[in-house]
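The following walks through a protein model, starting from its charged side chains and ending with the chain as a whole. Please have the sequence and the coordinates open while reading.

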Amino acid sequence: MQIFLTYSDIALASSLIIIVLLISWRLRLKLSKTLLIAALRTIIQLSFIGLILAWIFAREQWYEVLLILTVMTLIAGSAAKNRVKRSYKGLLTDTLLAVGISAILVTTIAIIAILNVEPWYTPQFIIPILGLILGNSLTAISLTSNQLIESFHEQSGRIEMMLSLSARPFEAVHEQIKAAITNGMTPTLNSMLVVGIVSLPGMMTGQILAGADPTQAVRYQIITMFLICVSSTLGCTISALLIYRRFFNKKDQFILPQ
C-alpha cells in the first residue's frame, strides 16, 4: 500500500511545531524565532529543491546534474567552515577540499563500482547519495576542524615545548589530531552502533513508507551507512592534515594563522 500525501497532510504536520513553540515559550528557551525561521526554511527549501529535482529527473542531462552536484558540494564546504568558531585565512579552501575530495571519491565508487548505475549521471541515484554523504561528512569535518583549531590555540605552549625537545611537527601535534578525528567520527560511529535496534534511518524509513521491499530498503541502508562512514573518515583526516600544515611554516615552526 502506498499513501500519497496532500498539502493538508503537510499543513497538519507543520501545525505540530506549535507544541515546540509552546515548550520554548513556557521554559523561556528563546527559541521561538529560530524555530519559526527553521520551519519556514524547511518548507521553502525542500519545496524548491523538489521542483528542481523533478525538472532534472525528467531531462537527465549530465551537465545539469553536474551543476547541481557542484552547488551542493560548495554549500556543504561553506557550511562546514561556518560551524568552526576560530577561523583563519584559507579555512574555506581547506573545508571545501576535505568535503569535496571525500564525498566525490566515495560517491564515484558507490555509483560506478557498487550500484553499477548506467549512465553514471542518473539523477535518481547520484543526487540523493551525494546529498546523504555530504550532509554527514560536513558535520564530521566541522567537528574535527573546530576541536583541532581550538586545541592548537589552547595547547600552543605544549606543542612548542615538544618541538624544542626535538619532536617533529607531526609528532608534536599527533595527540591533538587523533583526538579531533575521533571527535568528528563519534556521531557516525554512534549511529552505526544503534542502527536497526534503536533507530531506523531516514532513508530506510522513507523507502518503506513509499512501499519498497523492506529487505531492499535494508540493503540500501547498509550500503549508505558504510559510504557515510568512509567519507566521514576521509574528510576528517584530510581536514586535520590541511589544518595541521596551516599551523607550521616552511621551517617547521609552529605558528597561529590569522
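Arg-246 has a relative accessibility of 30% and therefore counts as partly exposed. In this predicted model, the side chain of Arg-246 meets that of Asp-94 in a salt bridge, with 3.0 Å from N to O. The pair links distant parts of the chain: Arg-246 belongs to helix α10 (residues 214–246), Asp-94 belongs to helix α5 (residues 91–114), and 152 residues separate them. Asp-94 has a relative accessible area of 4%, so it is buried. The bridge thus joins a partly exposed arginine to a buried aspartate.

Side chains of opposite charge can pair when their charged atoms come close. A search of the whole structure finds 4 salt bridges, and two others are described here next to the one just given.

One of them is formed by Arg-59 and Glu-64, whose closest N and O atoms are 2.6 Å apart. Are these two residues buried or partly exposed? Arg-59 is partly exposed, with a relative accessible area of 36%. Glu-64, at 10% relative accessibility, counts as buried, because the cut-off for that class is under 20%. Here too, an arginine that is partly exposed is paired with an acidic residue that is buried.

Another salt bridge is made by the side chains of Glu-175 and Lys-178, at 3.5 Å from N to O. Both residues lie in helix α8 (residues 169–194), where they are 3 residues apart, about one turn of the helix. Glu-175 counts as partly exposed at 42% relative accessibility. Lys-178 is also partly exposed, with a relative accessible area of 42%. This pair therefore has partly exposed residues on both sides.

The rest concerns the whole chain. The protein chain contains 10 helices and 0 strands, and along the sequence its pattern reads α-α-α-α-α-α-α-α-α-α. Its C-alpha atoms fill a box of roughly 70 × 55 × 35 Å along the principal axes. Of the contacts between residues at least 6 apart in sequence, 68% join residues at least 24 apart. The bridge between Arg-246 and Asp-94 likewise spans a long stretch of sequence, with the two residues 152 apart.

Of the 258 residues in the chain, 31% are buried. The chain exposes about 15900 Å², and carbon and sulfur atoms supply 67% of that area. As for charge, there are 19 positive and 12 negative side chains, and the centres of these two sets lie 11 Å apart.

Notes:
Residues are numbered from 1 along each chain as its sequence is written. This is a predicted model: local features need pLDDT of at least 70, side-chain atom pairs count only at pLDDT 80 or more; totals for chains, interfaces and linings use all residues. Side-chain values use heavy atoms; hydrogens and water are left out. Buried means under 20% relative accessible area, exposed over 50%, partly exposed in between (1.4 Å probe, protein chains only). Helices (H or I, at least four residues) and strands (E, at least two) are DSSP runs, numbered from the N terminus. Contact means heavy atoms within 4.5 Å. Accessible areas come from the Shrake-Rupley method with a 1.4 Å probe; for residues, only the protein chains shown count as cover. Lys and Arg count as positive and Asp and Glu as negative; His and the chain ends are not counted. The place of a charge is taken as NZ of Lys, CZ of Arg, CG of Asp or CD of Glu.
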